[in-house]
Amino acid sequence: MRYTIIGVLVFIFIIVAGFVYRVQQPRIMTTSEMQANGLYLMDTPRDVGEFSLVDHRGEPFTPARLEGEWTLVFFGFTHCPDICPTTMAFLDRFIGELDGTEAEDTEVVMISVDPARDTVEQLASYVPYFNEDFTGVTGEFLDLFRFATNLNTPFRKVPGQDDDYVVDHSANVILINPRGDYHGFFKAPLDMAKMKVTYRSARYRWDH
């Protein structure tokens, strides 16, 4: 009788422990659930093409820089009055709320849509203000435009203005996987809770 009771208690313990473990694990969202929460994944991750740009540290920025880590890419410019500083501050908070390896292997890159004003020096005084680990990128206009178009985020200068012009651009955040391919995008407006759970789900589905 004693062994029977012990066996029953062990069985109950295993069931309860298994239940607690499953409850503690983050729920992995389906593709449709992620889309409903703002993350649109490519059916097949796409090559971003060749490009040769320069970062705010004066170092070459080529496709190889997108490999080995997850990268969040935002297209913006330093003279942007609202969307860009708001998004950059949001991404700083987002990185700060990631856990462990998620934070360690996630990079944030701002690609300039205004190379005429966004020199290396200008980006160097702008991007680190939000986060010293973020990377700002500029280059020749055609190279930047081609890269943006490959990521479905074209931009255009608003006509009829002098030097105090603005540039129309998307507020979406592009997701690049560790292979350096265009994996999907987070649709604006961004929501912290939704972005965290969809990003975690996208990473899990990639790893498994």
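# Close-up views of a predicted model

**View 1. Strands S2 and S6 lie side by side and pair in the antiparallel sense.** In this predicted model, 2 bridges join strand S2, residues 53–55, to S6, and the bridge partner of Val54 within S6 is Thr138. Strand S6 itself covers residues 135–138, with Thr135 among them. Helix H5, made of residues 120–130, lies across S2, S6 and strand S5 (106–112), and the helix runs at about 155° to S6.

**View 2. Thr135 of strand S6 and the residues around it.** Is Thr135 buried or exposed? Thr135 has a relative accessible area of 5%, which is under the 20% limit, and therefore counts as buried. When neighbours within four places in sequence are left aside, Thr135 is in contact with Asp55, His56, Arg57 and Arg65, and also with Val108, Val109, Met110 and Val127.

**View 3. The open sheet, in which 8 strands are placed in the order S1-S10-S9-S4-S5-S6-S2-S3.** The pairing within this sheet is mixed, and the edges are formed by strand S1 (39–47) and strand S3 (60–61), each of which pairs on one side only. The protein as a whole has 7 helices and 10 strands. Of the contacts between residues at least 6 apart in sequence, 73% join residues that are at least 24 apart. Buried residues make up 40% of the 208 residues, and the accessible surface comes to about 11500 Å², with 56% of it belonging to carbon and sulfur atoms.

**View 4. Strand S9 with its partners S4 and S10.** Strands S4 and S9 run antiparallel and are joined by 4 bridges, and S9 and S10 are likewise antiparallel with 4 bridges between them. Which residues stand opposite Val173 on these two strands? Phe74 stands opposite Val173 of S9, while in S10 the bridge partner of Val173 is Phe186. Val173 and Leu175 point one way from S9, whereas Ile174 and Ile176 point the other way, and all of these side chains belong to buried residues. The hairpin of S9 and S10 has 4 residues between the strands, and Gly180 in this hairpin takes a positive phi near 90°.

**View 5. Phe185 of strand S10 and its surroundings.** Phe185 is found in strand S10, which spans residues 181–186. Not counting residues up to four places away in sequence, Phe185 touches Gly38, Leu39 and Tyr40, as well as Asn172, Val173, Ile174 and Leu175. Phe185 and Val73 are 112 residues apart in sequence, but their C-alpha atoms are 9.0 Å apart in space.

**View 6. Pro189, in the loop that follows S10 and leads to helix H7 (192–207).** With a relative accessibility of 76%, Pro189 is over the 50% limit and so counts as exposed. The C-alpha atoms of Pro189 and Asn172 are 7.7 Å apart in space, while the two residues are 17 apart in sequence.

**View 7. Cys80, Cys84 and His169, which the unreviewed UniProt entry lists under "binding site".** These residues span 90 residues in sequence, yet no two of their C-alpha atoms are more than 10.1 Å apart, so they gather at one spot. Where in the fold is Cys80 found? Cys80 is in the loop between strand S4 (70–76) and helix H3 (83–97), and Cys80 counts as buried because its relative accessible area of 9% is under 20%. Apart from residues up to four places away in sequence, Cys80 touches Pro85 and His169.

**View 8. His169, seen in the loop between strand S8 (167–168) and strand S9 (173–176).** At 17% relative accessibility, His169 is under the 20% limit and therefore counts as buried. Leaving aside neighbours within four places in sequence, His169 is in contact with Phe74, Phe75, Gly76 and Phe77, with Cys80, Ile83 and Cys84, and with Val113, Pro154 and Phe155. A polar atom of the His169 side chain lies 2.9 Å from the backbone oxygen of Phe75. Both Cys80 and Cys84, which UniProt lists together with His169, are thus among the residues in contact with His169.

Terms used
Residues are numbered from 1 along each chain as its sequence is written. This is a predicted model: local features need pLDDT of at least 70, side-chain atom pairs count only at pLDDT 80 or more; totals for chains, interfaces and linings use all residues. Side-chain values use heavy atoms; hydrogens and water are left out. Contact means heavy atoms within 4.5 Å. UniProt positions are given in the numbering used here, feature names are shortened, and annotations may be inferred rather than shown by experiment. Buried means under 20% relative accessible area, exposed over 50%, partly exposed in between (1.4 Å probe, protein chains only). A polar contact is a pair of N or O atoms within 3.5 Å; within protein, one must be able to donate a hydrogen and the other to accept it, and residues adjacent in sequence count only if both atoms are side-chain atoms. Accessible areas come from the Shrake-Rupley method with a 1.4 Å probe; for residues, only the protein chains shown count as cover. Two strands pair if DSSP finds at least two bridges between them. Axes are lines fitted to C-alpha atoms, for helices over the stretch in contact, and angles run from 0 to 180 degrees between N-to-C directions.
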